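Please open the model in your viewer and keep the selection tool at hand, as this tour goes from one stop to the next and says what to select at each.

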Amino acid sequence: MRSFDEIFDIAASRKGGVDALNAMLTPPKSEAELAAIADDRWLAAMTRCVFQAGFNWKVVESMWPGFEAAFDGFDPGRCAMLTDEDFERLVSDTRIIRNGGKIRSVQENAVFVRALSAEAGGAGRAIAAWPSTDFIGLLDLFKTRGSRLGGTTGQYCLRSMGKDSFILSQSVVDRLIAEGVVDKQPTSKKALADVQSAFNIWMQQSGRSLTEISRTLAMSL
């Protein structure tokens with residue numbers, strides 16, 4: 001496995017030099033910034049990423065004001081208590097994408113957000129405190145306790161909110177394969193642990209965040 005500096009140099013040569021690459025590497029938000037994000041914004045982010053999965057994200061983006069209105073601003077208390085009548089109304093609501101399973105996930109993720117909030121004094125506090133060295137543990141939490149938040153959906157959700165994260169996009173996976181970390185898209189617990197271990201080594205070598213390392217890997221191919 002190459003050192004981070006070696007991979008960085010490869011990426012820099014492809015992106016116009018060290019300064020140009022560094023300008024593309026936006027660091028994650030601080031723990032304090034993440035902790036300050038209100039619970040409704042976490043539920044909104046989860047919903048946006050669930051609806052974008054396997055769908056044209058630009059369509060979701062253009063319809064987003066309708067989503068905010070239809071789901072009462074993603075208030076977790078209200079969304080957690082959606083009734084059968086509410087679901088009947090929502091699956092007919094032309095302001096949103098009328099996918100019954102994804103609509104149901106809003107209620108399920110509202111329950112998840114409320115539970116995190118109760119445990120830590122805010123969902124943002126729980127997520128902010130999660131160590132970067134165990135990011136796969138946070139992904140597992142999203143997968144097992146959330147709804148439709150497994151795979152890259154949870155990864156994109158956390159990245160969109162500024163949590164220090166890696167995204168296992170095809171380009172990142174290709175670099176991981178080239179470095180001998182995995183031999184295919186990592187889905188098993190062992191493969192994900194190997195990925196986390198590699199990122200931890202690169203963090204120690206570089207002093208950079210998961211987010212910056214992930215972006216560097218993506219731009220190295």
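Begin by selecting helix α13, residues 189-206, whose 18 residues should span 26 Å at 1.5 Å a residue, and whose end C-alpha atoms are indeed 26 Å apart; the expected span is 1.5 Å times one less than the number of residues. Helices here are DSSP runs of H or I with at least four residues, numbered from the N terminus. This is a predicted model, in which local features need pLDDT of at least 70 and side-chain atom pairs count only at pLDDT 80 or more, while totals for chains, interfaces and linings use all residues. Residues are numbered from 1 along each chain as its sequence is written, and side-chain values use heavy atoms, with hydrogens and water left out.

Staying on α13, colour its buried residues, among them Ala 191, Val 195, Phe 199, Trp 202 and Met 203; buried means under 20% relative accessible area, exposed over 50%, and partly exposed in between, with a 1.4 Å probe and protein chains only. The buried residues of this helix pack against α1 (4-14), α10 (135-145), α12 (170-178) and α14 (210-218), where contact means heavy atoms within 4.5 Å. Just after α13, select Gly 207, which takes a positive phi of about 75°.

Next, select Cys 49 and Cys 157. Why is there no bond from the sulfur of Cys 49 to that of Cys 157? The sulfur of Cys 49 is 4.7 Å from that of Cys 157, its closest cysteine sulfur, and this is too far for a bond, since a disulfide is a pair of cysteine sulfur atoms within 2.5 Å. The structure holds zero disulfides. Cys 49 counts as buried because its relative accessibility is 10%, and Cys 157 is buried too, with a relative accessible area of 0%.

Now turn to the aromatic rings, where the count comes to 10 aromatic pairs; rings of Phe, Tyr and Trp (its six-membered ring) pair if their centres lie within 6.5 Å, and planes under 30 degrees apart count as stacked, over 60 as edge-to-face and the rest as tilted. Phe 67 and Phe 71 form a stacked pair, 6.4 Å centre to centre with 25° between the planes. Phe 67 is buried at a relative accessible area of 0%, and Phe 71 is buried at 2%. By contrast, Phe 199 and Trp 202 form an edge-to-face pair, with 5.8 Å between centres and 80° between planes, and they lie three residues apart in α13, about one turn of the helix.

Widen the selection to Phe 51, Trp 64, Phe 67, Phe 71 and Phe 74, which form one aromatic cluster. Adding Arg 48 shows a charge over the face of Trp 64, at 4.3 Å from the ring centre; a charge sits over a ring if NZ of Lys or CZ of Arg is within 6 Å of the ring centre and within 35 degrees of the ring normal.

Finish with the salt bridges, of which the structure holds 10, each being a side-chain nitrogen of Lys or Arg within 4 Å of a carboxyl oxygen of Asp or Glu. Select Glu 68 and Arg 41, whose closest N and O atoms are 2.8 Å apart; this pair links distant parts of the chain, with Glu 68 in helix α5 (residues 57-70) and Arg 41 in helix α4 (residues 39-52), 27 residues apart. Glu 68 is buried, with a relative accessible area of 18%, whereas Arg 41 is partly exposed at 31%.

Definitions and conventions
Helices (H or I, at least four residues) and strands (E, at least two) are DSSP runs, numbered from the N terminus.
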